Amino acid sequence: MCYKIVCSLLLLCFIGLACSSSSSSSSNNLAGYAGYTKYTVQHGDENIFRYMVDLQTSDSDVDFWLLTRNMSVLTVGPQRKPQFESRLAQLGVDYKTQPLMELMAALEANSTYADGEDDDFEECQPGADCDAERPHSRKRRQARGFFSHYPRYHEILNFMSGLAARYPQFCRYESLGRSNEGRHIAGLSISLNSRVRPRRVAYIQAAAHGREWITTQTVLYLAYELLSNLRAFQRVLQDVEVFLVPLVNPDGYEYTHTSDRFWRKNRHHYGGISCHGVDINRNFGNHWNYQGASQNHCSEVYSGTAPNSEPETSAVVRYLEFNRHRVKLSLDVHSFGKFIFYPYGYARNTVPPTVSTLRSVALRAANQIGKYRGTRYTIGTSASILYEASGSLDDFAYGSLGIPLSYTLELPGEEFHVASSDIIHVCKETFAGFVEFIRHVSLY
């Protein structure tokens, strides 16, 4: 079901190199946010929590960054601000505010972006002995450069194709399909022998939400480290294929770089409707549109016209269904909050029959992550820790396809923008968790 990326994809990469915008364009993605305010709201009781849940699904003028049972982080525009604060006062809610542009100015000062010069990672040409030609220390420097900024779509594809060309015996570069705007949904298959199909697959994807830039970097770092240290991970990869999709929503990701830093959905355009996009993480066909989703096109959690209606969603579904008897781990990487969720998310009191195993594996992964610098993750179902939300990948993989290990990982941070200096550290600590998840695939 996967089709190898052919000349058209390579041509697309080269066109991207020629046409990419400079780092100065990154400032344009905040146009229109003047006067916006970030709110951190403490939920004093269940009524306030329910008000926030209803607000998320029904009010398209507010944008929730985080919504748990105890607190919310959201942004509100200047026109909506008086009404929102009046309602918070009526509810007797404690909250803190920060001008959004003030926050972003501080974060931007500590960040770097792709400038169109793809010189941090040199693409290895097929047939070349890249390991012999390039000293190990130089390769490491180049990798550090790549993981010290946020790359654009074309740079991500070049990095992936470079790994596949450098390690052809162990890595394949593929496409699951195309997005709404025609971009490839690219994947990497990593195994000890790319010509032999292992009995088990660990599937890991990232960036279903365009604004969650750090997620793509963690998955690319996993690919880089596995391929650079194959001897060290031979036992982990024994009869296991690691299939990585670092950028499930390439259109939304690019749009956050060029136009709207906080865009969440894909870029589906509906004729005659001014609002665009579907929330990919509400579009999977398990209890679709049941709870925590909306049929309002303008909502951030708009679930689409039908289950698996989006090309990005259906590409993932095709791969998982075709390989359903081999895939033993499905891991969907998001940002932010430091959570590891297992099914089910669609209802609070619905517990999977293998909950003890799901929780045990998650605890082991969280423990490995914490060894790097003490980052602590909260583990449970998203319905119990956050709120009920249907149509997610973890519910679909576990509930509809029977994939035994199915999780959503919410990376660290207090907002979507992780400082450039911290990218490598998030990648390194998350890598340890990824490896622990993959270890357990051999048990099935």
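This report walks through the overall make-up of the protein, one helix, one helix pair and a few backbone features.

The structure is a predicted model, in which local features need pLDDT of at least 70, side-chain atom pairs count only at pLDDT 80 or more, and totals for chains, interfaces and linings use all residues. Residues are numbered from 1 along each chain as its sequence is written, and side-chain values use heavy atoms, with hydrogens and water left out.

**Overall picture**

The protein contains 14 helices and 13 strands, taken as DSSP runs (H or I of at least four residues for helices, E of at least two for strands) and numbered from the N terminus. Of its 444 residues, 60% are buried, meaning under 20% relative accessible area, while exposed means over 50% and partly exposed lies in between (1.4 Å probe, protein chains only). Its accessible surface is about 17200 Å², and carbon and sulfur atoms hold 48% of that; the area comes from the Shrake-Rupley method with a 1.4 Å probe. Among contacts (heavy atoms within 4.5 Å) with a separation of 6 or more, 78% join residues 24 or more positions apart.

**Helix α7**

Helix α7 covers residues 153–166, and 14 of its 14 residues are buried. How far apart are the end C-alpha atoms of α7? They are 20 Å apart, which agrees with the 20 Å expected for 14 residues at 1.5 Å a residue; the expected span is 1.5 Å times one less than the number of residues.

**Helices α11 and α14**

Two packed helices are described by the angle and the distance between their axes. For α11 (residues 355–373) and α14 (residues 420–439), the axes come within 8 Å and cross at roughly 145 degrees. Axes here are lines fitted to C-alpha atoms over the stretch in contact, with angles from 0 to 180 degrees between N-to-C directions. On the α11 side, the residues that meet α14 include V361, A365, I369 and Y372; on the α14 side, those that meet α11 include H425, V426, E429 and F437.

**Backbone features in loops**

Here are two cis peptide bonds and two positive phi values.

| Feature | Value | Loop |
|---|---|---|
| cis bond S335 to F336 | omega near 20 degrees | F336: between β10 and β11 |
| cis bond P343 to Y344 | omega near 5 degrees | Y344: between β11 and α11 |
| D239, positive phi | about 60 degrees | between α8 and β9 |
| H287, positive phi | near 50 degrees | between α9 and α10 |

Neither D239 nor H287 is a glycine. D239 counts as partly exposed because its relative accessibility is 26%, and H287 is partly exposed with a relative accessible area of 37%.
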